[in-house]
Amino acid sequence: MEQYVIKGGNPLVGEVEIGGAKNAALAILSAAIMTDETILIENLPDVRDINVLLEAIAGIGAQVDRIDRSTVKINGSTIADISVDYEYIKKIRASYYLLGALLGKYKHAEVPLPGGCNIGSRPIDQHLKGFRALGASVKILHGAIVAETENLHGSHIFLDVVSVGATINIMMAAAMASGRTIIENAAREPHVVDVANFLNSMGANIKGAGTDVIRIKGVEKLHRTEYSIIPDQIEAGTFMFAAAATGGDVTVKNVIPKHLEATTAKLEEIGCEVEEFDDAVRVRAGKRLHRTHVKTLPYPGYPTDMQPQIAVTLALAEGTSIVTESIFENRFKYADELSRMGANIKVEGNSAIIDGVKKLTGARVSAPDLRAGAALVIAGLAADGITVVDDIVYIQRGYENFEEKLRSLGAEIEKVSSEKEIQKFRLRVG
């Protein structure tokens, strides 16, 4: 098992380039199989989740040509199987997007029930409700979702809860259904807009993405396109909070500042200086930060995927902060790990009460999931002494070249795979 070993205490300083949005890419790669023509996708993040999904797509017979780390060509004309292998699905949750894509194109899809990070219950009932409204019969058979129909037709669908996954999945299937579909209470996240723009570039007719009402006029077939994925707002936000927690000065480049507004607002509120440019944001934290309250909400609210990162930063801020998680119920599993580093954090129900301390100290901790793992790395960078983060396979699911990018900002961090390498690092950094 690989680990990160970190010597903390250095402010992060410099510039870092942000990659493509993982959550947008997962849906866009799935949608790419909806035409028999060749699709070129650029600005793809080279992370584990993406690589697993590309294997799953190749596994059902599509041609997948990885031109370089961030570019892929996909041709879905050779798909021979509408049943996706469980081996892929258990590794990544977003493989359920193949349901909407296959159902839209072939009117039949079989995808095992999804896996992913254990951050709480993430039911897919809204997805299934949407498929049924479009005329599909949906059953759970032998651990897989089986959706099929003679004919997909437009429908008026009201989502009971705001769900990014359900919005995207229904949008994909409806793009090739006959007639018009309206999705109300739709998710408004930037990656919903990116998927809609991608489908439109293939010939779909989708309007209203980015608002809570999406209108879709079904088309018979989709065609080839070339498309570049939006920058990853969560990767950007992670580096912004790493700058804040370490008292650094970091410019994140290749971003859309509009997508970062909720993160930027909180950084300013706790005492950071934030400067926005056309496609970059600079974060400076020269003095000790102060307390705030934050509650996670669907976009444009504060993102749940940025919750562990702000909690780590508030653990070092002056005063008592409250972090409330309103999206997932199991997202504070990092709290015990943070306490091992000297944080004063107490979880009560769906809130964490954090009394800021002057410093954290290095310890051995374990990454419970993707975003919490990244947050523990931030804690290690800000702490006195040496921190070892176990189970970094979670972090590799969503961050490309994480340790290399941090090193470019002056961090002392290495990826290791044995106790011997950890000892060598300890000796080297003194």
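## A four-stranded sheet

Aspartate 68 stands opposite threonine 71 in strand E5. This is a predicted model. E5 covers residues 71–75, and five bridges join this strand to E4. E4 and E5 run antiparallel.

Both strands belong to an open sheet of four strands. The order is E4-E5-E3-E13, and the pairing is mixed. At the edges are E4 (63–68) and E13 (225–228). Each edge strand pairs on one side only. From one strand to the next, the twist averages 15 degrees.

## Helices on the sheet

Helix H2 spans residues 48–59 and lies across E4 and E5. H2 runs at about 145 degrees to E4.

Helix H7, residues 190–201, also packs on the sheet. H7 touches E3 (38–42) and E13. The direction of H7 makes about 160 degrees with that of E13.

## The second largest pocket

Now to a pocket. The second largest one has a volume of about 280 Å³. Its lining is made of 20 residues. Nearest the centre lie Ala244, Ala245, Thr246, Gly247 and Leu316.

Which helix gives the most to this lining? H8 does, with three residues. H8 covers 233–246, and helix H12 covers 370–382. Each of these two helices supplies at least two lining residues.

What is the chemical make-up of the lining? Ten residues are nonpolar, five are polar and five are charged.

Notes. Residues numbered from 1 in each chain as written. Predicted model: local features only at pLDDT ≥ 70, side-chain atom pairs only at ≥ 80, totals over all residues. Heavy atoms only, no water. 1 Å grid on protein atoms, 1.4 Å probe; cavity = no way out; pocket = protein on both sides within 12 Å on 5 of 7 lines; lining within 4 Å. Points joined across faces, edges and corners; volume = space filled by probe spheres on them. Nonpolar A, V, L, I, M, F, W, Y, C, P; charged D, E, K, R; others polar. Pairing = 2+ DSSP bridges. Axes fitted to C-alpha atoms, helices over the stretch in contact; angles between N-to-C directions. Contact = heavy atoms within 4.5 Å.
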